[in-house]
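I opened my notebook for a first walk through this structure. Here is what I looked up, entry by entry.

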Amino acid sequence: MAGVTVSNLVKTYPSGSRRATDDVSLEVADGEFLVLVGPSGCGKTTLLRMVAGLEVPDSGTVTIGGRDVTRLPARERGLSMVFQSYAIFPHLRVRDNIGFGLRMRKIDKATITERVERAADLLDLTDYLDRYPAQLSGGQRQRVAVARAIAVDADVLLMDEPLSNLDALLRMQFRAELKKIVARLGTTTLYVTHDQAEAMSLGDRVAVLRDGKIIQAGAPMEVYDEPSDRFVGGFLGAPPMNFFDAVVQDGRLVVGDVSLEAPERLASWPDKKVTVGIRAENVAVDRPGLSGEVEVAEPTGAAVLLTVRWAGGELKIQAGAGFRAAAGDRVDFHFPGTGLRFFDPETGLAL
Amino acid sequence: MSRRERIWVQLGCIAVSLFMGVPLYLITLAALSSRESLNEFPLPLLPTSLSGETMSTFLKSTGIVGGLVNSLTIGLSTVVLALLLGLPAGYALARYAFRGKDPYQLGLLLTRALPIVVLSVPLGRIFLDVGLYDSTYAVTLLHTALALPTTVLITSAIFLGVSREQEEAAMIFGASPFAAFARIVVPQALPGIAASAMFTFVLSWNEVLGASILTLNRRTLPAQVLATLADSPLAFRFAGGLALVLPALIFIAVARRYLLNMWGTTLR
Amino acid sequence: MATGTRSRGPLLLILPSIIFMAALFLYPLLSGIWQAFSGPDGFTTAWFSRMADDPYFWEATRNTALLIVVLIPLQFGLAILMALLLRQRPRLAGLHFYIWVVPLAISDLAAGLVWLSVFTDRGYLNSVLDHLGLGSYAWLSFEHPGTMFLAVVLAELWRATSLVFVIVVAGLQGVPRDYDEAAEVFGASYWQRVWHVLLPQLRPSLQVALILRTILALEAFAVAQALTGRNFPLLVGETYQWYYTLQNPNVATAIALVVLALSILAAIGYLRLMRRTPEVG
C-alpha cells in the first residue's frame, strides 16, 4: 500500500494552446479513495495518465509510496488501472485477461490460478472464465476490466471513467458494488469521472478540476455544502445551485425589487454586488416571504422540482413529493439563512 | 418492397452474376478441354471432354515453369520487403502524431496516381547501370515500390483497429512496449496483415508491364505469356489465362472479409 | 494519443519507407523526365517529335481517350446499380458479392485472355451463334474496328467495375439507413431517394473512384494486346512497343510522360468539377 503525491505537475499538449494541467498538486493518502471530477477537457484524465506513467509531464513530480516515479515507465510503478474503454484483450479468454498482469510479473501458475479465481469470484465472473470478451455483455466486460485490475494486488488503483460506457441502471448498481469492493481491498484509489453524482457517491474525498487546475478538494458533502467557488456550486448537484445577483445595502440584500435580510458576514461587503447561491432543496416552499410563478413542475417521484419565475430570472426549487402545483400557479417560498452562499461576482470565489 | 420488385432485384443480381461468372466458367472450360475439342467448331459449352492436356502442355512450354518460379519468388519477396518497410510506417501513422505526417500521407496517396510506365522505363536504365537488370531483384524492387503505399495505408488502418488503450493496459500491467506490441497488437492485427500480404502478392502476380520492361530472360509468368502471345496457339493462351486467374479466385475467397475495408475505404 | 510526439520514434519508423520511395519513385521519375528530353547533344525535343510522327501514337491516343470516355460512365452506372441491388438484401447476397468482386484480383492481361476465349473466331460467342444457326462473325478482325472496340470495352467493364463497386458499397455503408427511411417517410420515391439522398452522400467516394479508375484506365494495355494484338493500340501499349520491339527507351519515356500528364490532368479536372457544387457529408 502506498500514498500518491503529485507536485506542481504541468503538461501542455503540442496541439493545445493552453496547459492541460496547470501546476497541479495533490495528495492521496494511503488507502484513500479520491475522485477527480470536472467537465470534459479539464485535465483530469491527463492528470491520471501522468500518475499512470502513460504521459510524461513537462515539469513537476509524481511520487508513489515515497518513491519518485516521474520518469519511470508505467510497468515499473506498481499500479493497476481500469480504462474507460475497458481495454480488455479480445483475443484472450476472460481467465487470461484477468491473469495478464500476474503473468507479466512472472508469478507461478498455481498462484495465478488462485488469484484469478478469487478476483473472478469477487466480481461474479466465475462462470465466464473460459469465454472470450466478444461473448460477454458490456457490463460483464466492465467486470473483467475491474477483476484484471484488482487481481494484481497493486499499491495504487487508477480508474478512468470506468462506468461511463454502462447504461444508467447498470451504472448505479455497479457503482455501489465497486465502492464495496474497493473498500474491502483498501487500495489507494484515484478515480476520474465527469459525473458529479458518481464523484459524490464514491469518493472519500473529491477534487474538482477546471481548466487544468484543482478548484476545491475535500470530503464530498463538504464540497457540496460549502463550494469554494461559484463553478463548484454549479457543477456539483443536480439541479445545479441557483445563482442570482444582489446588492448589499444597509444590512439587507436587494434583488431587483425584493429585499432580503442579509447575514452578519456580509457586513464587510457594504454597497457592493454579490452573487447569491442557494440549492434547490434548501429553498423552503409554502412559507410566506417571497413568491413567484411556477413555469414548470416536474415530479421526480421522490420530490417535485419546480421552475419558478422570480426576480427576473429562473429559480429551481425542490418541493416534497406530495406538493401539488401546475404551471401558472403562484408559489410562496423563503430562503433560510443557513442555505445561502455568497460569491464575489468578479472572481467567483466564495466570500 | 413488393413481390414484383423483389423478383426484379433477384433477376438483376443473377444477370450481373452471369456477366461476371460466365467468362470465368468459359476460360476454365477452355483451359481444361483437350486439344482436339478446342479445334472443334462449334465449341462444346458443357464440360463433356475434360482433360489436363492443355494445361500440361502449357506448363511444359519454354519459360513457363521458370516464369512460375520467378513469379512466386518475386511475389513472396515483395510481400516480405513491403511488410518490413511498411509495417513500422503503418504503426507510426496509427499511433503517433508527428510533424510531417500529413505530407507523408499525401505523398503515399499521390504515388497511386503515378502510372507504372513512368517508373518502369527509367528504372530499366537505372538497373542496367547498377547491374540489377534482368533479375528477380529488379522486379521485386519495382513491385515493392508499387505495393508499399498500400501496405502502409492498410496496416495503419489495421493498427488503428486495435485501440491504443489496449497497449497502454498491457504496459500498466507490466509489459514492455515491445511485449505489448507482440502480445496484444500483433495477434489481433495478424488476420489483417495476412490479407494485406495477399493483396501485395496478387498485385505482384498481376503486374506485367514493369516486369516485362525490367527483364529479358528472368521473366515472370504474365510477362512470359505476354511476350509469347503473338506466336502461341489459342490453347496456350487459354491455359495462360486460367493460370493467371486462379490466384485471384483463391485470394478473393480468403480475403473477402477485408475487401471492403481495403479497396473500399482505406485505399480510396 | 499524443505520446512520444517529441521523440524521434515515429520518424525512425517511417524513415525506411521514405528512403525507399525516394529511390524508387522520385529518382526514376526525375531521371525519366531527363531521359525524355536529353539527346547526344544535350536538351532535345527530338524524342517527342519522333513520338508524334508515329501514326500509331495518335491512333493510340484516340483509342485511349475513346476507351475512357465510353468505359467510365458505363462502369459507374453498372457499379452503382450493382451496389443498389445489393443494398436491397437479395437472396444469396454473399454469393453474388463474391462473384462480383472476383475480377478485383484479375490482371488486365488475364482479362484479355478470358474474353479472347469468348470473342476469338472459333470462340464461345461464335459457337453459341452457330448453335443458334446464326453463323459466326470475326469480332476481333481489324476490318471490324467497332466490334473490336466493343470487345475491349466489355473486357475492361468486366474486369474493373468491381473496384468502383467496392468503393461505392463501402461508401454506402457510411450512409445511415435513417436518411433513406426519413426520405421515404416524407414521400420520396425510390429513384428520388437514390438521386437526392444516396448519390449526394456518395460524392466523396465517387470522386475518388473516378480519379482512380481514370488513371488505371489510362494504364490499360495488355487487355487490348491479348484481344487484338496491335490492331487496337493503346498509349501504354505503345510504350511497351517502343521499349521492347523498337528498343528506344527515350521515346518510350516520352509516351510515359504523356500518360502521366494525362493522369494529372484527369485528377485535377475531376477535383475541380466535383468541387464546384458544395460538398455534402
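I began with A:D250, which sits in the loop between β11 and β12 (252-255) of chain A. Helices and strands here are DSSP runs, H or I over at least four residues for a helix and E over at least two for a strand, numbered from the N terminus. A:D250 has a positive phi of about 50° although it is not a glycine. Most residues other than glycine have a negative phi, and most peptide bonds are trans. I then checked its cover: A:D250 is exposed, at 78% relative accessibility. Buried means under 20% relative accessible area, exposed means over 50%, and partly exposed is in between, with a 1.4 Å probe and protein chains only.

A note on the ground rules. This is a predicted model, in which local features need pLDDT of at least 70 and side-chain atom pairs count only at pLDDT 80 or more, while totals for chains, interfaces and linings use all residues. Residues are numbered from 1 along each chain as its sequence is written, chains are lettered from A and ligands numbered from 1 in the order in which they are written, and side-chain values use heavy atoms, with hydrogens and water left out.

Next I looked up another positive phi. A:D23, not a glycine either, has a phi of about 60°. A:D23 belongs to strand β2 (residues 21-28) of chain A, and with a relative accessible area of 43% it is partly exposed.

Then I turned to cis peptide bonds. The bond from A:A238 to A:P239 is cis, with omega near -5°, and A:P239 is in the loop between α9 (230-235) and β11 (242-249) of chain A. In chain B, the bond from B:F41 to B:P42 is cis, also with omega near -5°. I found B:P42 in the loop between α2 (35-39) and α3 (53-60) of chain B.

I took stock of chain A as a whole. Its secondary structure comes to nine helices and 19 strands. The C-alpha trace spans about 75 × 45 × 35 Å along its principal axes. Of the 351 residues in chain A, 50% are buried.

Salt bridges came next. Side chains of opposite charge can pair when their charged atoms come close. I counted a salt bridge where a side-chain nitrogen of Lys or Arg is within 4 Å of a carboxyl oxygen of Asp or Glu. Over all chains, the structure holds 19 of them.

Which residue forms a salt bridge with A:E55? The partner is A:R49, with the closest N and O atoms 2.8 Å apart. A:E55 is buried at 3%, and A:R49 is buried at 10%. I also saw that A:R49, A:E55, B:R164 and B:E168 are linked in a network of salt bridges.

A:R143 pairs with A:E177, where the closest N and O atoms are 2.8 Å apart. A:R143 lies in helix α5 (residues 138-151) of chain A and A:E177 in helix α6 (residues 168-185) of chain A, so the pair ties together parts that are 34 residues apart in sequence. A:R143 is buried at 16%, and A:E177 is buried at 17%.

A:D195 forms a salt bridge with A:R171, the closest N and O atoms being 3.9 Å apart. A:D195 is in the loop between β8 (188-193) and α7 (196-202) of chain A and A:R171 is in helix α6 of chain A, so this pair joins parts that are 24 residues apart in sequence. A:D195 is buried at 18%, whereas A:R171 is partly exposed at 25%.

I also checked two helices for bends. The expected span of a helix is 1.5 Å times one less than its number of residues. Helix α9 (residues 177-206) of chain B has 30 residues, yet its end C-alpha atoms are only 38 Å apart, short of the 44 Å of a straight helix. α9(B) bends by about 50° at B:V186 (the angle between axes fitted to the seven residues ending there and the seven starting there). A proline, B:P187, follows within four residues.

Helix α9 (residues 190-218) of chain C spans only 35 Å, where a straight helix of 29 residues would span 42 Å. α9(C) bends by about 55° at C:R203, and the proline C:P204 follows within four residues.
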